[in-house]
Structures are given as structure tokens and as C-alpha cells.
Amino acid sequence: MNRRHLLAATGAAAVSPFIRPAGAQTLTRATLRLKWLTQAQFAGFYVALQKGYYREAGIDLTINPGGPNLLTENLVASGADTFGLSGGTDSVFAARERNLPIVCAGVMHQQTPFVFVTRADGPIRTLADFRGKTITTWFTGANFVLLGMLAQAGLSRGDFTMQPQQVSVQPFVDRQVDVVTATRYNEFFTLMNRVGRDNLRSFVPDDHGITFPRDTVIVSEQTARDRPQMVTAFLRATIRGWREALRDGKAGVDAVMSVAPTLNRPHQEFMMEEAGKLMVAGGAARNGLFWIDRPVVQAAHDFFLRHEVIKTPLDLAAAYNSSFLEAIPLADRIA
Amino acid sequence: MNATAMAALRLLGGVILAGLVWEGVVVLFGIRPHLLPRLSEILAAIAFTPGAYWAGLQRTAAETLIGFAAGTAVGIVNGLVFFRAPLLRDMLLPVFVVSQTIPVIAFGALVVMWFGNTLMAKAVIAFYLTFFPVTVNTLLGLNSVDPRQAALLRSFGATPTQILFRLQLPMALPQIFVALRLGASLSLVGAIVGEWFGDNTGIGVLLLQAMYNESVVALWAAILCAALLGTGFYALVAWAERRIVFWGAEQ
């Protein structure tokens, strides 16, 4: 009898994390896999979580940070995670090409989040000056954006040295390389601190007609088909959190730093502001946060097809589904 | 003053000396902070958010200990089974060897799919790195027992179980402890690598965050925590070895 009590107690203890006080409605358990470690880039999700917006939407959400060895598309396709904030249009293309059953339900960054940075006092003033220079970049898509930009200036692969960029921007700071790739919200902060804002010159892909939307919200095809209301509820709560984070950046950073207190606050505040700009740019201004700007996605698709990053044209109507967003009134989506 | 207290004092003196040398060298040679920050700066960073480091230390310690304990238990049982059933050894040991050739990074991605972002996922990776050396060393230790000693006990009427627990297992202990000391550091590596697959708490998370934010002070703070944990755990295993294998193994 005693043992049975003990077992029951142990069982209850083991299960108890899953039993939540019953609210007005039953909650659906779900997880969100981020594309990267906890940082202000994801502030809106943390605000929505901490303020209970997901619970109000009927979702008991757990946020799982990403990491260098994880591919969000795989985790969502395999069902390990319900929602994903994945790399971007590029990784969605790649996943769809591999027949991974994932669907993009929203796009967070409307503009290309990275730029190519040189020294303002250096020899590079225009794209044509890249000839013969050493460039480091990420070989996960940024390399093709750069190739596309340089092709417009009449440069081809052999005209410069392109190397994979490691974690640190220090080689650029130490003048070992001429051009470094930086996201506007992250590496650029480190560069500003070490080199100085006025000593940097940025080459922006969007200024050269290449827009490469990134940070895509994905779900599995099964979730999209069987539980569309949940996807819409998730997006609604997410947008609610983001609208607050964008209005009050400090509160957004607070929400992030309550989870990751060792982060550097000035860095996170800079990230909050810069990532916010990417979110409200382009089509999001008129159509609201997380808008899937079809012509831009199409252009990115065609660009990748032209550079043979993807081998065959993809069915973009199936890969990008705006219906979950469109179920939310536009007034609630505008930042 | 007894010998243990003296040894502890000497150790403390050494640590303080190393700290002073670190601080002095950085100041004296003007080493740039993003190459090597001053020790005092690192300690100040830990003191600024002690909760995060303490929580990380506890979490990683728990993952390490669970993985290590499971790896030790399974490894010793494996060793015993393989010792008693050579056929099974010939069938399974090669499979174990193959399992160990899978890079832990590749294995980690799978573990996340299977177990999610749980403490158990990290413990499984720690286990994965620990159980193999323990298996091999247990088998090695058991095989190195002089068969004539076993024969002698048997002639006195000892049962196989008695021979195992009174002769073979004790004789194998020095070998097993070699694997345990190895496993102490391996299981910590496993837990930290496991935390690189997306989590909120742990020394590995702090390491990763600091690395990708290029926050060198935070990176060193996490390294110090990992070193503290690794050294502490190793010392614990070494202490257990001295107590259990009292007849003197290699120290």
C-alpha cells in the first residue's frame, strides 16, 4: 500500500509539469524553435510568452533556443517542434527542394538583414573596387547575395578572394581581410565598438536590388492542414508581443534578459532597434508585421534559381501560405 | 596541522599565485582585453549576474552526474556480461566501437529530436561518452585477474558469485577507476556539447552565448565555471578511488 502511494506520488510529481491550472479554455502544448540563441532579435516572442498572450490564445508555448548545429526546418518537419523561426527564405527554399514538409506562415525580416562592411578610409569605395580584395562571408546564402551584387559591377568569381567567415569579426578589425559580412543588428555592433561607426562603410544588398527576406515562421504541412486556427492564434499572440516590444524596446530587452541575464545590455538594445527596423520595412509597413511579400519572395527565388543554388523552380504558392496571417484583421497586424 | 590541511593550503596558495600572475601579466604587458581580459574583470562579471552562473553550474553538474552515473553502471554491467559471455562480447563490442566513431556533434542533433530540450537529452550525451571506456576497462580489469587465484578460491568451494565479488571485481577496480577518471571529464564535455543544441540554462549555453556575441569576458567567465566543475568532479572521483581502492592504485 505504501509503495503504491509512493509510486502514485512519484508519478504525479513526474507528470505535474504538464498539468497546468485549468483556464477558461484548454491549452494546447506547443513549442517554438528559434533560429538562434536567446537574444533581442526574438524579443517579441518572449514578451508575448511572459505577458501570457500565448496562453490567452489557447497555446501553452515553450520557447526552445536554436544553436549552431541545429536546422529549424528539420526539427519542425520531424515534429520535434511545432513552430519554428527558421533561417529565412533561403532555408525554406532549400527545405522545400529536399521535400521537407514545411510551410512558411510569416516572414519577420522584410529586408536583407546583413550588409558587407569595409573601412571608410580604405581603398574600397564602390563595388568595382572589390576586385583583388579579400572578403569573408557566410557560405549559407550571403555568399550568393554578394556574388549577385558584384556581378552587377562586372566582377566574377575569380576577381576576388572569398573565404568563409568564422565566428569572430576580429580578422577584419586586425586588417587581415578587406570586407566582412555583418548582420545589421549583431556583428555590426561589435564592429562599431572595435573600429568606430564613422570608420565603416556598408554595402547594402537592398540598395543593389537584391532583397533577401529572412527569419521565417514555419510549421509542418500537417499542422498547417489540421490546425490552421492554432497557427493563426500563434501569429496573433506573436504580433501582439512584437507590437509591444517595438513600441517599448527597453521592455523587450528586459524580457530577453530575464531569460539570458549574462547578455550585454547595450548590445541587446542596439539589436532590438536594428532588428525592429527590418521588421517594419518594405511590405510590412502597409500589410503588417510578418507579411509575406510575394513579389520579393519570388524575386529571391528567381535569384537563387539563376545562381543554381536551387536546381528546379519551386511551387511558392504551396511553400508560402499567407492565409494564417490574413485571418487576423489588418489593424491588429500593423506595428 | 595535519597533512590534508597543508595540502589544501598549498593548493590555495597555488591558485592565488596563478591568479596574481594572470592579473599582473595582462596589466604589465597591456594585453588587449579581447585577447585576454584581467581575471578581476572576469570575476566581476560573474559577481554581476551570479544567479545565471550558479544556475548554469547546477544544471550542467546535474546533467554530468546523471550521465556519468548511468554510464558507470551500464559500463560495469557490460564489462561483467562480456567477461562471462565471450560470444556476446564478440557480437556486441564491435557495435559499441562503431557507436563511438559517430561524432558527438552528429549524435547530439539526433538526441534533440528524440528527447527535445530536456535535461535528459544532455545526460544521454554524457552517458554516450562515458559508458564505452568503463565497459572496456572493466573487461580489461576482469581479464587481468590471475586465473590461478580464481582456481584456488574455487577449490575452497567458493561459488562463482563469491569469486566475482571477492576476487575479480576488487582486482578490476584499479582499471575501472582509470576509466572513471576519464569519464569524469568526458561526461562534462558531453553535457556541455549537449547544451549547444539549444537551451536556456547551463555552462554550455553561457559559453555559446559569449562566443557568438564576442563577449570575451563572459566567455572566460564560462570557461572558469567549466574548469571549476571539471576539476571538482575529477577530484571527487580521485577521492573515491583513494577510499575504495585503498590498497593503492596509481594516483
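In which helix of chain B does B:G183 lie? Select B:G183 in this predicted model, and the selection falls in helix α8 of chain B, which covers residues 160–195.

**Stop 1: B:G183 and its surroundings**

With B:G183 still selected, count the C-beta atoms around it: there are 30 others within 10 Å, and because the cut-off for a buried residue is 20 or more, B:G183 is buried. Next, add the residues that B:G183 touches, setting aside those up to four places away in sequence, and the display should gain B:F68, B:G71, B:T72, B:T130, B:P133 and B:V134. For a distance to check in the viewer, pick the C-alpha atoms of B:G183 and B:W239, which are 56 residues apart along the chain and are separated by 15 Å.

**Stop 2: chain B as a whole**

Now widen the selection to the whole of chain B and colour it by secondary structure, which shows ten helices and zero strands, so that a reading along the sequence gives the pattern α-α-α-α-α-α-α-α-α-α. Taken along the principal axes, the C-alpha atoms of chain B fill a box of roughly 70 × 55 × 30 Å. Of the 251 residues in chain B, 36% are buried, and among contacts between residues at least 6 apart in sequence, 76% join residues at least 24 apart.

Restrict the view to residues 57–235 of chain B, where UniProt, in an unreviewed entry, places the feature "domain: ABC transmembrane type-1". Over residues 57–235 the chain is 87% helix and 0% strand, and the end C-alpha atoms of this stretch are 16 Å apart.

**Stop 3: α3(B) against α9(B)**

Select α3(B) and α9(B) together, and look at how they pack: the angle is about 130°, with the axes 7 Å apart. Angles from 65 to 115 degrees count as roughly perpendicular and those over 145 as roughly antiparallel, and α3(B) and α9(B) are therefore oblique to each other. To see the contact itself, show B:A52, B:G56, B:L57 and B:T60 on α3(B), together with B:I203, B:G204, B:V205 and B:L206 on α9(B). Sorted by class, this contact has five nonpolar, three polar and no charged residues.

From B:I203, step across to B:A226, since B:A226 is in contact with B:I192 and B:I203 once its neighbours within four places in sequence are left aside. B:A226 lies in helix α10 of chain B, residues 216–244, and it counts as buried because 21 C-beta neighbours lie inside 10 Å. The C-alpha atoms of B:A226 and B:I192 are 8.7 Å apart in space, although the two residues are 34 apart in sequence.

**Stop 4: where chain B meets chain A**

Bring chain A back into view and select the residues at the boundary: 24 residues of chain B are in contact with 22 residues of chain A. On the chain B side, the elements that give two or more residues are α3 (50–84), α5 (104–115) and α9 (203–212), and the residues of this side divide into twelve nonpolar, ten polar and two charged.

**Stop 5: chain A**

Move to chain A and select residues 40–248, the range covered by the UniProt annotation "domain: SsuA/THI5-like", again from an unreviewed entry. Over that range chain A is 37% helix and 24% strand, and the end C-alpha atoms are 12 Å apart.

Next, select helix α5 (residues 89–97) and helix α14 (residues 294–306) of chain A, whose axes come within 10 Å and cross at roughly 65°; the crossing is right-handed. The residues to display are A:T89, A:D90 and A:F93 from α5(A), with A:V297, A:A300, A:H301 and A:F304 from α14(A). By class they divide into four nonpolar, two polar and one charged.

Finish with helix α11 (residues 249–257) and helix α12 (residues 265–280) of chain A, which pack at an angle of about 120° with their axes 10 Å apart, and which are therefore oblique to each other. The crossing of α11(A) and α12(A) is right-handed. Here A:G249, A:G252, A:V253, A:V256 and A:M257 in α11(A) meet A:R265, A:Q268, A:E269, A:M272, A:E273 and A:G276 in α12(A), a contact with four nonpolar, four polar and three charged residues.

Notes: Residues are numbered from 1 along each chain as its sequence is written. Chains are lettered from A and ligands numbered from 1 in the order in which they are written. This is a predicted model: local features need pLDDT of at least 70, side-chain atom pairs count only at pLDDT 80 or more; totals for chains, interfaces and linings use all residues. Two residues are in contact if their C-beta atoms, placed from the backbone, lie within 7 Å. Helices (H or I, at least four residues) and strands (E, at least two) are DSSP runs, numbered from the N terminus. Ala, Val, Leu, Ile, Met, Phe, Trp, Tyr, Cys and Pro count as nonpolar, Asp, Glu, Lys and Arg as charged, and the others, Gly among them, as polar. Axes are lines fitted to C-alpha atoms, for helices over the stretch in contact, and angles run from 0 to 180 degrees between N-to-C directions. Angles under 35 degrees count as roughly parallel, over 145 as roughly antiparallel, 65 to 115 as roughly perpendicular and the rest as oblique. A residue is buried if 20 or more other C-beta atoms lie within 10 Å of its own, exposed if 12 or fewer, and partly exposed in between; C-beta atoms are placed from the backbone. UniProt positions are given in the numbering used here, feature names are shortened, and annotations may be inferred rather than shown by experiment. A crossing is left-handed if the near helix is turned anticlockwise from the far one by less than a right angle, and right-handed if clockwise.
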